[in-house]
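Please examine the structure below with attention to its packing.

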Amino acid sequence: MQEAQAMPFLADGDSDTKKLAEASSTDDIGAGGPTLSDVFAHDGMDEEVDIPEEGPDVWFSFKTLWAFTGPGWLMSMAYLDPGNLEADLQQGAYSGYQILWVLFWATVSGWILQVMSATLGVVTGRDLARHCREHFSRPVAITLWIMTELAIIGSDIQEVVGSAIAFNLLLGLPLWAGTLITGLDTFTFLGFHYFGIRKLEAFFCSLIFVMCVCFFVNWGFSGTDPAKFLFGIVVPTAPNYVVLQAVATLGAVVMPHNIYLHSALVLSRRVDRSSPRKIREAVKYNAIESGLALVVSFFINAAIVVTFSRGFFNKECSSLYDTNYACVNRNADIPDNDIFTNTPTPQSCASRFDGNGVCASIGLGTAGTSLEHFLGNAAKYIWGLGLLASGQASTMTGTYAGQFVMSGFLDIQVAPWVRTLLTRTIALGPAIAVAIATANHPALSDQIGEWLNILQSVQLPFALLPVLILTNSETVMGVYKNNRTWKIIGYFLSVIVFGINVYLIVTFCWDKSNPIPQTDWFKALVIIFLVIYFAFISFLIYDGTSHRGRDAALHVPLENGVKEDTAAEAEGLAII
């Protein structure tokens with residue numbers, strides 16, 4: 001292990017990082033072989049990955065990119081979790097190819113936020129959660145922590161239930177049993193964590209490979225209209241009946257806790273923060289690596305959109321009624337209350353599937369059996385295996401995010417197994433409750449999934465605004481603060497997110513088909529909630545930009561001088 005003295009970038013007040021450095025100077029854990037207590041006590045983030053030396057004239061090196069490869073792929077799991085897969089299949093089944101451009105630009109927006117998050121970690125040596133604790137007033141910081149924990153719980157419910165649905169498709173297990181099995185991935189996580197961050201990263205990449213194979217195989221069987229595919233990505237179109245689906249897609253793609261996670265993951269790389277050239281190098285390679293990971297995630301998501309578009313999109317089912325429907329086979333175990341029966345099924349749908357086509361809702365709970373009646377029995381199991389890989393990987397990523405969020409916001413130092421057990425217990429309880437409540441009601445499970453996607457969108461400003469405020473701050477980032485272009489992009493994304501949230505909340509609460517109270521007092525509560533929500537966001541912005549002297553504890557990068565480059569050369573993000 002490397003000695004603590006080999007980390008010259010450690011600031012005097014950086015007690016958390018010093019503890020990690022001191023831990024790394026001890027003898028290797030379990031020299032005679034890992035014991036159970038070794039696995040539970042070891043923290044894989046003690047290990048840092050060395051970066052090969054590049055000459056000053058080298059702009060790109062595959063060897064260096066390989067050293068930085070890992071954090072972006074772990075981060076990309078949040079773009080491939082079961083909640084996103086459900087949004088993908090519904091996008092394809094309800095709108096066809098028409099809003100692929102929304103998925104594309106949502107992924108690009110996510111990349112921009114992830115680059116800001118990674119840059120914050122690279123430049124300062126601290127993750128976003130810790131910066132929030134140090135930069136914002138205590139009430140704001142505690143509120144941000146609570147909101148982030150709620151986002152983690154919400155995503156974990158989707159991930160655990162998604163895994164349980166996969167176990168049901170593959171093995172016929174009841175949902176509650178699948179959720180308990182998924183809870184055991186805590187120990188898988190700890191096991192891989194013991195062997196170091198690179199092994200953990202390789203494990204996650206293998207799960208992404210499984211998803212690629214599964215979803216691309218079904219995509220290949222379903223076929224593609226290349227012209228419509230390219231048109232859907234390049235040309236922005238949104239007929240009235242797909243507007244809600246487009247907004248829901250934007251809200252589902254970027255997970256708030258993932259922004260916190262990425263700022264911590266990049267700390268596993270050893271970067272000489274006294275050298276502007278090394279900082280710019282790290283920012284550049286993290287941006288490239290994150291971009292590659294999100295390109296892969298985009299095509300995995302697109303594969304699902306196209307597969308379900310080819311199999312189940314019917315314009316009349318989607319556009320003639322107050323709610324979007326897909327055209328599915330009535331023999332695909334579709335619950336009666338999912339089938340639209342108020343009017344006769346349009347002939348364009350009724351004639352499909354050997355005359356068994358009906359307009360009905362579709363979600364994770366019915367996707368597997370629907371694919372079985374579209375592409376054959378194998379497609380159901382291929383889908384189930386891909387869904388299982390998605391649920392398991394994203395659940396472990398959520399656990400990882402929970403550890404960093406708890407440690408950063410609360411500044412508590414406990415054994416990794418305690419943090420893991422605590423974060424898993426917090427999320428697993430609600431997930432099991434949802435699984436039991438929806439075991440015989442797939443429609444309810446799908447509705448809860450939609451509610452949770454709305455929750456993620458509502459929580460997104462509590463990650464977006466802090467990372468934007470901090471990376472705009474010269475006090476925090478020094479000469480590496482966002483340049484004007486990135487500031488404008490950040491503000492634009494903030495406005496888009498606020499608009500989406502208002503639209504989603506109002507549309508959802510005023511939609512009479514949703515199982516919520518349709519009374520004046522409930523709508524009044526929604527309006528009060530929106531007022532409080534935006535009032536807190538306004539105070540968050542004020543608190544974050546006024547500083548109030550809280551930045552005295554922070555250490556401006558390069559405050560002790562510049563080794564190799566001038567500050568002017570370092571100004572702004574090097575990738576622009």
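The questions and answers that follow concern the nonpolar core, a helix pair and one buried residue.

This is a predicted model, in which local features need pLDDT of at least 70, side-chain atom pairs count only at pLDDT 80 or more, and totals for chains, interfaces and linings use all residues. Residues are numbered from 1 along each chain as its sequence is written, and side-chain values use heavy atoms, with hydrogens and water left out.

Q: Which helix gives the largest share of the largest nonpolar core?
A: A nonpolar core is a set of buried Ala, Val, Leu, Ile, Met, Phe, Trp, Tyr and Cys residues joined through side-chain atoms within 4.5 Å; buried means under 20% relative accessible area with a 1.4 Å probe, protein chains only. The largest such core has 149 residues, with W383 and F308 among those with the most contacts inside it. Its largest share, 16 residues, comes from a DSSP run of H or I of at least four residues, numbered from the N terminus: helix α15 (residues 276-312).

Q: Why are α25 and α26 described as roughly antiparallel or roughly parallel?
A: Angles run from 0 to 180 degrees between N-to-C directions of axes, which are lines fitted to C-alpha atoms over the stretch in contact. Angles under 35 degrees count as roughly parallel and over 145 as roughly antiparallel. Helix α25 (residues 484-510) and helix α26 (residues 520-546) pack at about 165 degrees, so α25 is roughly antiparallel to α26.

Q: Is L294 buried or exposed?
A: L294 lies in helix α15. Its contacts (heavy atoms within 4.5 Å) beyond four places in sequence include Y79 and W111. Because its relative accessibility is 3%, L294 counts as buried.

Conventions
Buried < 20%, exposed > 50% of the residue type's maximum accessible area, 1.4 Å probe, protein only. Helix = DSSP H or I, 4+ residues; strand = E, 2+ residues; numbered from the N terminus. Parallel < 35°, antiparallel > 145°, perpendicular 65-115°, else oblique.
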